[in-house]
Every structure is written in structure tokens, then in C-alpha cells.
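Visitor: Before we begin, could you take me through the reasoning behind the labels that get attached to this structure? I would like to see each value set against its cut-off.

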Amino acid sequence: MRVLAIESSCDETGVAVYDQEKGLIANQLYSQIAMHAMYGGVVPELASRDHIRKTVPLIKAALHEASCGPSDIDAVCYTAGPGLIGALMVGATVARSLAYAWNCPAVPVNHMEGHLLAPMLEDNPPAYPFLALLVSGGHTLLIKVDGFAAYSILGESIDDAAGEAFDKTAKLLDLPYPGGPLVSELAKNGNPRAFKFPRPMTDRPGLDFSFSGLKTAASNALMHIDSSGGTKADIAASFEAAVTDTLVIKCSRALDQIGFNRLVVAGGVSANQRIRSALGELMDRRGGEIYFPRLSFCTDNGAMIAYAGMQRFLAGERAGNQIKVHPRWSLESVCINRSPAAD
Ligand code: KG4
Ligand code: ZN
């Protein structure tokens, strides 16, 4: 079996082809970041228009890369949410039209499931079950993954997502969008102990997160930067250390709670080197296993949608008659295998 998949939930257009035997055989990506950077964030209408321009050329390029034609494709998968509604509609409409023209099924895919399963594209994929930490621009989730499509959310952010906190802190520090990687770059020259930032919600039980206070802490530090003798790099480093410690504490707590010793970390923020190594050290200390996607599969891409789409296709999932997208779409609502005991 072979599927073609389209990702268009935010500011990246991704198209990939995944073959059940050969694995990933095409992966095309176009990033709109340069276009949005001048506005300091994603402009939804511009994102939709750019997806319209890029999707069909990327599909052609992906088919060329995979050396195959429409008759070799058994299903067309697409990100149906969560994400920007206009952007999602572009991918959904193109995918549904192609499926109709090519006389094959269309399969909607949850973007967060794509992130969650991205490490499955690596040579040494994790075995089920595992704890997943999903850290992206829109979500921070701790998920008990009992198997494919068997997900229980253990904790989530009650305000800003981790990536959002990175991006807002970057803005405060006058760094362009998307600031996550740039905060991290700046932090390399800073002292993570220069400013005392909180480790939000770690002083009480529970697995939820709250990152909006860190942005306020960064803003306060910036206001007093002259009197404190610190630098912007110190703020970046102190901020990054606070996010990292918080994620480590919550992952450790979640692993204790569910009795697992295998951790999967995915989503845009999982590209962060400090976070990758701190979580790696945690799993070393625990004698457990840790898995990440390769850096290019941490942020949005078509490959992860193709992998998740193939699993959904094989599980018999098909799009209904209407072209529906879901700007908000919980992972728990796409479970097919979750046992009641998981609650
Ligand atoms: O998963 P993703 O590409 O898009 C969403 O589904 O949200 O995540 C994008 C987020 C942005 O907030 C970006 O700043 C953040 O991931 N990010 C990083 C790094 N690379 C990307 N944050 C911290 N350090 C990084 N190296
Ligand atoms: Zn994403």
C-alpha cells in the first residue's frame, strides 16, 4: 500500500509519499516562515493563499521524487486539524479532489497524532506503550500512549504552549518570528542562573503546565536588565532553563504515575538541544529509553502525516462525504483502541 499526504495546518506546506514496505519515499516541504516573519507571526489569510500556490507543485514534485504516478497511490491523506481553518481547508480540498479524481479513498489525519508518531519514521522506532511529551507552538501535552490510536491525556498547558512561550519571549528580546530556535541560540552565550525564573506548577501535584508566567518573568528581567548587570543572553538562558526543568520534572512525575520507562518527545520544541539533552539525562538516570524524531521532523512536515495517515488507512478510516476540518481537535477523540481502563 502507498499513500500520499498533505500537511497545511499552519505555515508549512508538506507533501510526502509513504510506502508500507519501503517507508518514506518522497518528502517535500515549503516553509512560509520568511513571509510571516515581517509581521512578527503567522498571518492566517496569507498562509491560506500561499498553501494554494504551493500544494499542487509540491504534489507533482513528491510524485516525481517517489517515481510514481496517481495509479500507484492507494489513498490521499490530509491534515484535517487542529490548525488554522483556512490553511486546513486548502489541504483538505486539494486532497479530497485528488482522491475523487484518482478514484481512491481520502483519509483525514490529526496533526498532533502526526507529531506523536513522527519518531516511528526513524530507524530505531519506539515500541508501544510509552509516555509522549508533545511540545509544539500550539500544544503542550503529556500523553499515555498504550498503542496506536490509544491515547490518554495526562496533562496539558492551561495557558501558553511551550513553543508559544518561546516565541513570545523571543519577541520581548527583539528576535524575529519564530523565535524558539533563536532564543535557544542566544541562550548559548548566557548564564541560566543569572535570573531566578519560576518552574511553574512544579510545587504542587498534577501534570498540567502553565508557561505564561515565564513570559512575564522574562519581561520583568528585561525591565531591570541595567540594574541587574545581566544580558539578554542571560534572560534567554534563564528562560530556557526554566522551561527545560519544568518539562523534566513533569515527565519524571508522569513516568512514576503510570509506571512506564519509555519516553517519546515530539513537536517543534523537541528540536531544542537543551531540552533534548536534559530529557536524555533524565532517562539515563532512570535506566529508561528516550526517542525523538530527527530535527527536520520535529517541526511541521508531510512525512509525519503520511505515516499517521497510512496507519489510519490500514485501520479502515475514511473521510465522510463532507469536506470537514477541525481547527480544534483533541487527540482523545481520535482514539480507536483506548480501553476504558485507560481512564
Ligand atoms: O510543531 P510546530 O512546527 O508547529 C505547531 O504545530 O505548532 O512547532 C513550532 C514551534 C514554534 O513555537 C517554534 O518556536 C518552536 O516550535 N521551536 C523551538 C525550536 N525549534 C522550533 N523552540 C525552542 N527551541 C527550538 N530549537
Ligand atoms: Zn505542528
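**From value to label**

Guide: Tyr128 is partly exposed, having a relative accessible area of 30%, and I should say at once that this is a predicted model.

Visitor: What makes Tyr128 partly exposed?

Guide: Buried requires under 20% and exposed requires over 50%, and since the relative accessible area of Tyr128 is 30%, the residue falls in between and is therefore called partly exposed. Phe130, by contrast, has a relative accessible area of 0% and is buried.

Visitor: Why are the rings of Tyr128 and Phe130 called stacked?

Guide: Ring centres must lie within 6.5 Å to pair, and planes under 30 degrees apart count as stacked; the centres here are 5.4 Å apart and the planes are at 15 degrees, so the pair meets both conditions.

Visitor: How many aromatic pairs are there, and what makes the pair of Tyr18 and Tyr307 edge-to-face?

Guide: The count is five aromatic pairs. For Tyr18 and Tyr307 the centres are 5.5 Å apart and the angle between the planes is 90 degrees; because planes over 60 degrees apart count as edge-to-face, that is the label this pair receives. The two rings come from distant parts of the chain, with Tyr18 in strand β2 and Tyr307 in helix α11, 289 residues apart. Tyr18 is buried at a relative accessible area of 11%, and Tyr307 is likewise buried at 11%.

Visitor: How do you know that the side chains of Glu122 and Arg294 meet in a salt bridge?

Guide: The criterion asks for a side-chain nitrogen within 4 Å of a carboxyl oxygen, and the N to O distance between Glu122 and Arg294 is 3.0 Å, so the pair qualifies. Glu122 lies in the loop between α4 and β6, while Arg294 lies in the loop between β10 and α11, and so the pair ties together parts that are 172 residues apart in sequence.

Visitor: Which salt bridge does Lys168 form, and how far apart are the closest N and O atoms?

Guide: Lys168 forms a salt bridge with Glu164, with the closest N and O atoms 3.4 Å apart, and the two residues are separated by about one helical turn, being four residues apart in helix α5. Both residues also belong to a network of salt bridges that links Asp160, Glu164, Lys168 and Lys215.

Visitor: Why does Asp11 have no salt bridge?

Guide: The nearest side chain of opposite charge, Lys171, is 12 Å away, whereas a salt bridge must fall within 4 Å, so Asp11, which is buried, has none. Its contacts, not counting residues up to four places away in sequence, include Tyr30, His36 and Tyr177.

Visitor: What makes Lys54 a charge that sits over a ring?

Guide: The charged end of Lys54 is 4.1 Å from the centre of the Tyr30 ring, which is within the 6 Å limit; the label also depends on the direction of the charge, which must be within 35 degrees of the ring normal, and Lys54 is listed as sitting over that ring.

Visitor: Why is strand β9 called mostly covered?

Guide: Five of its five residues are buried. Arg262, Val264 and Ala266 are buried on one side, and Leu263 and Val265 are buried on the other.

Visitor: Which strands pair with β9?

Guide: Strand β6 pairs with β9 in the parallel sense over four bridges, and three bridges join β9 to strand β10, also in parallel; since pairing asks for at least two bridges, both cases satisfy it.

Terms used
Residues are numbered from 1 along each chain as its sequence is written. Chains are lettered from A and ligands numbered from 1 in the order in which they are written. This is a predicted model: local features need pLDDT of at least 70, side-chain atom pairs count only at pLDDT 80 or more; totals for chains, interfaces and linings use all residues. Side-chain values use heavy atoms; hydrogens and water are left out. Buried means under 20% relative accessible area, exposed over 50%, partly exposed in between (1.4 Å probe, protein chains only). Lys and Arg count as positive and Asp and Glu as negative; His and the chain ends are not counted. Contact means heavy atoms within 4.5 Å. Rings of Phe, Tyr and Trp (its six-membered ring) pair if their centres lie within 6.5 Å; planes under 30 degrees apart count as stacked, over 60 as edge-to-face and the rest as tilted.
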